[in-house]
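Trainee: I am new to this structure and would be grateful for a close look at a single part of it, followed by an account of its surroundings.

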Amino acid sequence: MTANKQAKASSLLSNRFVQVILMSTLFLQIGIWVRNIAILLFVKKMTNGDAFAVSLISVAEYAPIFVFSFIGGTFADRWRPKRTMVTCDLLSALSVLVVLAAMMFGSWKVVFFATFVSAILSQFSQPAGLKLFKQHVPGHLMQKGMSAYQTLFAVFMIFGPVVGMFVYQRYGIETAIGIMAIAFLLSALSLTFLPRDRQDEKDQEPSQVLEDIKAGFRYIRSSVILRKLGAGFFAVGLGFGLIQPLGIFLITERLGKPEDYLQWFSLANGVAMIFGGVLAMSFSSKLQPQKLLTFSMAVVSLTIIAMGLSTNYWMTLGFQFISGLAFPSINIGINTLMMQNTEESFIGRVNGILSPLFTGSMVVTMMFSGVIKNAFSLVSVFVISGLFILLGVVALIPLLKLKGGIPTVSSSSEQA
């Protein structure tokens, strides 16, 4: 390759796939955040703040991850990825329009259906997107591409709630639902600019879904790298689940501040995540993903422990900012390692198996975080959370010993 070609390849944003996928993600994030905030505020209003009804929104959002993640990942490996993503966006838009039509006849409870269907479809669309990443992004740009993708998510963590609240409070739930449908349609439209799907001979080979799922588990079991990655993902979920519901108590009990101070912690975390994504993008060519992942997990674990021990507001806010800087690198490192060490034909299944490890462990510890706080103390919860993540660091240490990059997993498991 000539010097000019190398220079051109090094420019991430000149990659057509990256341009299209970021545009699609932009529209999707608008639709998702308008959905999340508008439906949350609408359900709260219609039920007079009933906590059980509000909690059902989270159930509708997270339950499909456990039920459909394996299935969605498997079909993402069987189907053509571009067609899968476009179809999922169109179906999401259609489901939202059905909800709007039902609401016009007085059945407001169907708003839960919009979240549930969208969450199911994302279990098919997300792994298909990762498969396209594997196809169209050169290996040396993979980590930088994941950094750009993660930075976009971080931006919407700050501005998404603002957009969702503005749309709902200014225009109402019907307009919010209409904007959701338009956003999903625009995402589908942008995806049509992707290169055509490759039509491999394997697409024509008949196989049973259950056998494909089993092959996915065998594939992960045969790879030391993916097993270690799963352990790290599981540990991060355990740690974050413990402290996720308790941020308000850190403000009021440990720091002695009013509840509204929590917004500054959220703002500091969101801003730090944006900077963290940009930093990860700039260092992506200099730092191997296993080192980036292990270092960022160690930083996050230590800052969580420090936040629990600190009684000074500004020090705690500083630790929160440092944690936010490092957190995007965890997602970037995990996704990059998974993409680099998984064959294209297994991307969907590997993602479908590893993702629930994080969500499942997080939900489990979220259920017990209040119990542990009441039985011991708030400090104990934060220390235990940090120690869980440190266990994940220990599990990843063997990957640091690998020199010259991580070898690709053998495809022999596919034939098992």
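How far apart are the end C-alpha atoms of helix α9 (residues 224-243), and what span should its 20 residues have at 1.5 Å a residue?

Mentor: Please bear in mind that this is a predicted model. The end C-alpha atoms of helix α9 are 30 Å apart, and the span expected for its 20 residues at 1.5 Å a residue is 28 Å, so the two values agree. Helix α9 is mostly covered, since 15 of its 20 residues are buried.

One residue with a number inside the range of α9, L229, leads on to the core. The largest nonpolar core has 69 residues, and L229 is among those with the most contacts inside it, together with F17, F133, L293, M297, I330 and V350. L293 is in contact with L229 and I330, and also with S329, G333, I334, L337 and L396, leaving aside its neighbours within four places in sequence. A second, separate core of 24 residues includes A38, L100, F112 and V167.

Two names from the largest core return among the aromatic residues. The structure holds 14 aromatic pairs. In one of them, the ring centres of F166 and Y171 are 6.2 Å apart and the planes stand at 80°, so this pair is edge-to-face. F166 is partly exposed, with a relative accessible area of 46%, and Y171 also counts as partly exposed, at 46%. Another edge-to-face pair is formed by F265 and Y313, with 5.7 Å from centre to centre and 65° between the planes. Because F265 lies in helix α11 (residues 262-283) and Y313 in helix α13 (residues 313-340), this pair ties together parts that are 48 residues apart in sequence. F265 is buried at 3% relative accessibility, and Y313 is buried at 8%. Ring pairs also link F17, F133, Y149 and F153 into a cluster.

Two members of that cluster, Y149 and F153, are touched by T25, as is L152, not counting residues up to four places away in sequence. T25 has its place in helix α2 (residues 16-46). With a relative accessibility of 5%, T25 counts as buried. Its side chain reaches the backbone oxygen of I21 at 2.7 Å. A further threonine, T151, lies in helix α6 (residues 142-171) and is buried, with a relative accessible area of 11%. T151 touches I274, G277, V278 and M281, again setting aside residues up to four places away in sequence.

Helix α7 (residues 173-191) offers a second check of helix length. Its 19 residues should span 27 Å at 1.5 Å a residue, and its end C-alpha atoms are 27 Å apart, which agrees. Among the buried residues of α7 are I173, I177, M180, F184 and L191. The buried residues of α7 pack against α2, α4 (81-104), α5 (111-136) and α6.

Finally, charged groups also meet aromatic rings. The charged end of R349 sits over the ring of F346, 4.2 Å from its centre. In the case of K373, the charged end sits over the ring of F249, at 4.8 Å from the centre.

Note on methods:
Residues numbered from 1 in each chain as written. Predicted model: local features only at pLDDT ≥ 70, side-chain atom pairs only at ≥ 80, totals over all residues. Heavy atoms only, no water. Helix = DSSP H or I, 4+ residues; strand = E, 2+ residues; numbered from the N terminus. Buried < 20%, exposed > 50% of the residue type's maximum accessible area, 1.4 Å probe, protein only. Polar contact = N/O pair within 3.5 Å; in protein donor to acceptor, adjacent residues only side chain to side chain. Contact = heavy atoms within 4.5 Å. Expected span 1.5 Å × (residues − 1). Phe/Tyr/Trp six-rings, centres within 6.5 Å; stacked < 30°, edge-to-face > 60°. Lys NZ or Arg CZ within 6 Å of the ring centre and 35° of its normal. Core = buried A, V, L, I, M, F, W, Y, C linked by side-chain atoms within 4.5 Å.
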